[in-house]
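Good morning, colleagues. Please take a moment with the sequence and the structure before I begin.

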Amino acid sequence: KDSCCVSIDGLGEIESVAIGQANGNKIKLINSVDFPNSLGMFYSAITHFLGFKANSSEGTVMALATFGNFNEKIPNQKSTYYKKIREMISIEKNFKMQIDLSWFNFPFTRQGWVSNKFVKCFGEPRKKNSKISKHHKNIAAALQRVFEEIYLEIIIQASEKVKSKNLTLSGGCALNCKANGLVLSNTKFKDIYIQPASHDAGNAVGAAYLGYLSKNRKNNKNFQRFDHTYFGPEYSQQQIKKTLINIGLKFEKLDNSPLNCANKLKNGKVVGWFQDKMEFGPRALGNRSILADPRSPNMKDIINKKIKRRESFRPFAPSVLEEFQSEWFEGNFFSPYMSSLMRVRKEKRKIIPAVTHFDNTARLQTVNRDFNLKFSNLLNYFYKLTSVPVILNTSFNENEPIVLKPEEALECILRTDMDCIFINNFLIEKIN
């Protein structure tokens with residue numbers, strides 16, 4: 001009913017940060033920061049310098065940061081990686097955030113996102129698909145550290161302006177789950193809501209609400225909390241069966257696909273899980289997912305190399321039954337949208353190595369049976385079989401958008417080393 005609202009992005013119309021105070025269905029703008037002073041652009045520029053796609057691969061850089069040391073000295077420089085990158089951005093009271101544009105090319109130019117000054121300090125940009133060196137890892141570590149400091153400072157200043165125990169985060173920067181994991185322990189907020197599609201796709205939600213309000217001025221108090229993301233298309237049994245017959249694949253119709261899937265996972269199979277309505281947003285939350293056994297120490301490398309075909313250092317998320325979250329992960333912060341990092345409890349790390357990152361963290365999804373009964377049942381069956389209420393969950397794709405249609409899911413399994421796929425209650429096994 002009331003909330004401090006913080007949006008931190010690359011660029012909106014002209015704003016890169018907006019602070020609002022929400023009461024009921026009204027939002028009062030409190031303050032803002034304008035482009036080119038943009039925390040999102042700052043992160044994207046250095047993402048591009050590191051050889052990854054700007055406005056797309058920032059999550060890869062966030063994962064890479066774990067392997068670097070921001071306190072090391074830059075080769076041929078007197079300063080450390082952290083100190084030099086910290087010089088590039090500052091924030092004072094009243095949201096006075098400033099980017100030192102001498103380090104960057106804003107907006108993007110043919111010379112790239114960073115300036116000659118940046119190149120003189122850090123060397124030539126890394127070429128796409130070239131070797132990732134210790135130098136690149138240290139840059140990523142320093143970038144993430146500085147990002148977290150500025151991100152938290154914006155939120156702390158917002159908490160001083162808006163007196164609410166609740167915080168609502170949005171904007172592309174709110175997809176940085178490592179920074180999100182620091183908010184509760186470093187601010188006065190008691191409850192945090194992070195819009196699951198907090199990047200530009202979230203504009204669709206705002207537009208829909210605005211349209212509803214304009215037509216229903218007298219009946220505008222019926223809003224419900226956005227508690228799940230399963231708003232996408234779904235396909236009938238008849239449609240799925242017709243697709244399977246047309247493609248010519250052998251299939252089996254099951255009475256209990258969650259139980260059958262749990263047994264496949266227990267036996268080390270990598271499974272495509274395509275069910276009901278598609279999730280909204282960039283995270284696979286149990287309806288368009290690739291699933292695996294988190295207990296296998298080799299599973300992360302197998303999926304990265306043979307299925308996702310991406311960098312070996314990139315981690316995979318655990319999905320855990322909500323009631324077991326605090327037993328397996330530190331803290332007590334429910335994360336239905338994989339929006340925050342948590343530390344895996346020390347005694348559990350050797351049990352679920354496939355979803356425990358290098359720094360012992362995990363981008364966690366807590367699963368509630370009220371919002372996804374089928375996925376919750378699958379986790380329960382796996383728990384009964386293994387005593388582990390956790391499954392490795394990654395998006396159903398291979399260097400492309402998450403699959404939408406049954407045809408796309410089938411194409412994905414045919415060109416990768418997935419073992420089988422469940423489309424609703426149809427099982428298709430790959431014969432090697």
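I shall speak about one sheet, the helix that lies across part of it, and then a single residue.

Please bear in mind throughout that this is a predicted model.

I begin with the sheet. Five strands make up an open sheet with mixed pairing, and their order is β3-β2-β1-β8-β9. Which strands stand at the edges? They are β3, residues 26-34, and β9, residues 191-194; each has a single partner strand, so one side of each is left without a neighbour in the sheet. From one strand to the next, the twist averages 20°.

Let us look at the β9 edge. Its pairing with strand β8, residues 166-170, is parallel and comprises four bridges. Within this part of the model, leucine 167 is opposite isoleucine 192 of β9.

Next, the helix. Helix α5, spanning residues 134-161, lies across β1 (2-8), β2 (15-23), β3 and β8. Relative to β1, helix α5 runs at about 150°.

I turn finally to isoleucine 290, which belongs to strand β12, residues 288-292. Is this residue buried or exposed? Isoleucine 290 has 0% relative accessibility and therefore counts as buried; the cut-off for that class is under 20%.

Which residues does isoleucine 290 touch, leaving aside those up to four places away in sequence? Among them are Val270, Val271, Ile307 and Lys308, together with Leu392, Asn393, Thr394, Ser395, Phe396, Asn397 and Met418. Of these contacts, valine 271 lies 19 residues from isoleucine 290 along the chain, and their C-alpha atoms are 5.6 Å apart.

Thank you for your attention.

Note on methods
Residues numbered from 1 in each chain as written. Predicted model: local features only at pLDDT ≥ 70, side-chain atom pairs only at ≥ 80, totals over all residues. Heavy atoms only, no water. Pairing = 2+ DSSP bridges. Helix = DSSP H or I, 4+ residues; strand = E, 2+ residues; numbered from the N terminus. Axes fitted to C-alpha atoms, helices over the stretch in contact; angles between N-to-C directions. Contact = heavy atoms within 4.5 Å. Buried < 20%, exposed > 50% of the residue type's maximum accessible area, 1.4 Å probe, protein only.
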